[in-house]
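Subject: Handing over the structure

Hi,

Thanks for offering to take a look at this one. I am passing the structure on to you here, and my notes on what turned up in it follow below.

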Amino acid sequence: MFKAKILIIGPSESGKSVLANFLSDTVETIGGDYSPTQGVRILEFESQNLSGTGKNVACEVELWDCAGDLRFESCWPALMKDSNGVVIIFNPDMPSHLKEVEMWHSSFVSSQGLQESQCLLMAHHKPGSAADNSRPVLASQLNKLPLIHSNLEEDPEEARQEFHRYLGSVVRTLSESREREEMSIIT
């Protein structure tokens with residue numbers, strides 16, 4: 001069984017904790033009062049039937065729900081250690097979030113040398129917002145990354161399915177890395 005450490009990052013008040021709770025099946029209800037994450041929360045769960053390697057596999061997932069407050073920036077190197085993927089969540093209705101996404105990508109994805117398949121952009125629409133599902137205007141290096149829209153009020157299962165598909169690509173990357181390592185030992 002594979003084990004994946006996935007970082008959930010992005011600007012404050014973008015919906016990271018709500019999505020992390022939902023994707024890990026941690027809570028029954030969606031929503032509640034806003035409570036900013038202090039540092040990081042780690043949610044663990046198992047994901048079955050990931051077809052990223054051509055066969056169905058299971059994966060133990062550590063979902064690291066990272067605070068969006070920049071005062072925790074000094075903790076980022078410790079959070080990034082041994083991570084296998086990054087999900088950048090932002091609210092596309094907030095212009096400041098569109099600008100911040102580039103900084104989060106630079107700090108967490110570019111600095112670690114992660115592949116595009118290990119990164120996912122989630123444009124999270126909060127309840128009551130007008131769900132514009134077009135691709136928001138982002139920096140050019142972000143246009144290569146997969147982008148999904150999530151709206152837990154209107155179609156929560158679509159967000160879960162897209163995240164499951166993303167986990168499959170992370171597992172595929174882990175599997176390829178493991179195979180390369182095994183081949184280097186043999187030869």
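Let me start with the cysteines. The sulfur of C66 has its closest cysteine sulfur in C75, 9.6 Å away, which is too far for a bond. Please keep in mind as you read that this is a predicted model.

C66 itself is buried, at 2% relative accessibility. C119 is buried as well, with a relative accessible area of 0%. For C119, the closest cysteine sulfur is the one in C66, and at 13 Å that is also too far for a bond. How many disulfides does a search of the whole structure find? The number is 0. The cut-off for a disulfide is a sulfur pair within 2.5 Å, so the 9.6 Å from C66 to C75 does not qualify.

Next, the charged side chains. The count of salt bridges comes to 7, and I have picked out some of them for you.

Helix α4 covers residues 156-186, and a good place to begin there is the pair E157 and R160. These two form a salt bridge, and their closest N and O atoms lie 3.2 Å apart. Why can they be described as about one turn from each other? Because they are 3 residues apart in helix α4, the separation is about one helical turn. As a general point, an α-helix has 3.6 residues a turn, so residues three or four places apart point the same way. E157 is partly exposed, at 40% relative accessibility, and R160 is partly exposed too, at 22%.

The pair R165 and E162 is also joined by a salt bridge, with 2.9 Å between the closest N and O atoms. Here again the two residues are 3 apart in helix α4, which means about one helical turn between them. R165 is exposed, its relative accessible area being 54%, while E162 counts as partly exposed at 23%. Shared salt-bridge partners also link D25, E157 and R160 into one network.

You will meet D25 again at helix α1. That residue comes just after α1 and takes a positive phi of about 55°. Helix α1 itself runs over residues 16-23, and 7 of its 8 residues are buried, so "mostly covered" is a fair description by the cut-off of under 20% relative accessible area. Among the buried residues of α1 are K16, S17, L19 and F22; A20, N21 and L23 are on that list too.

Another salt bridge to look up is the one between D69 and R71, where the closest N and O atoms are 3.1 Å apart. Is R71 buried or exposed? R71 is exposed, with a relative accessible area of 55%, whereas its partner D69 counts as partly exposed at 32%.

Finally, back to helix α4 for a polar contact. S169 is found in this helix, and its side chain reaches the backbone oxygen of S117 at 2.9 Å. S169 is buried, with a relative accessible area of 10%.

If you want a route through the model, you could begin at C66, which is buried, go on to the E157 and R160 salt bridge, and end at the contact from S169 to S117.

Happy browsing, and do write back with any questions.

Best wishes

How values were computed:
Residues numbered from 1 in each chain as written. Predicted model: local features only at pLDDT ≥ 70, side-chain atom pairs only at ≥ 80, totals over all residues. Heavy atoms only, no water. Buried < 20%, exposed > 50% of the residue type's maximum accessible area, 1.4 Å probe, protein only. Helix = DSSP H or I, 4+ residues; strand = E, 2+ residues; numbered from the N terminus. Polar contact = N/O pair within 3.5 Å; in protein donor to acceptor, adjacent residues only side chain to side chain. Salt bridge = Lys/Arg side-chain N within 4 Å of Asp/Glu carboxyl O.
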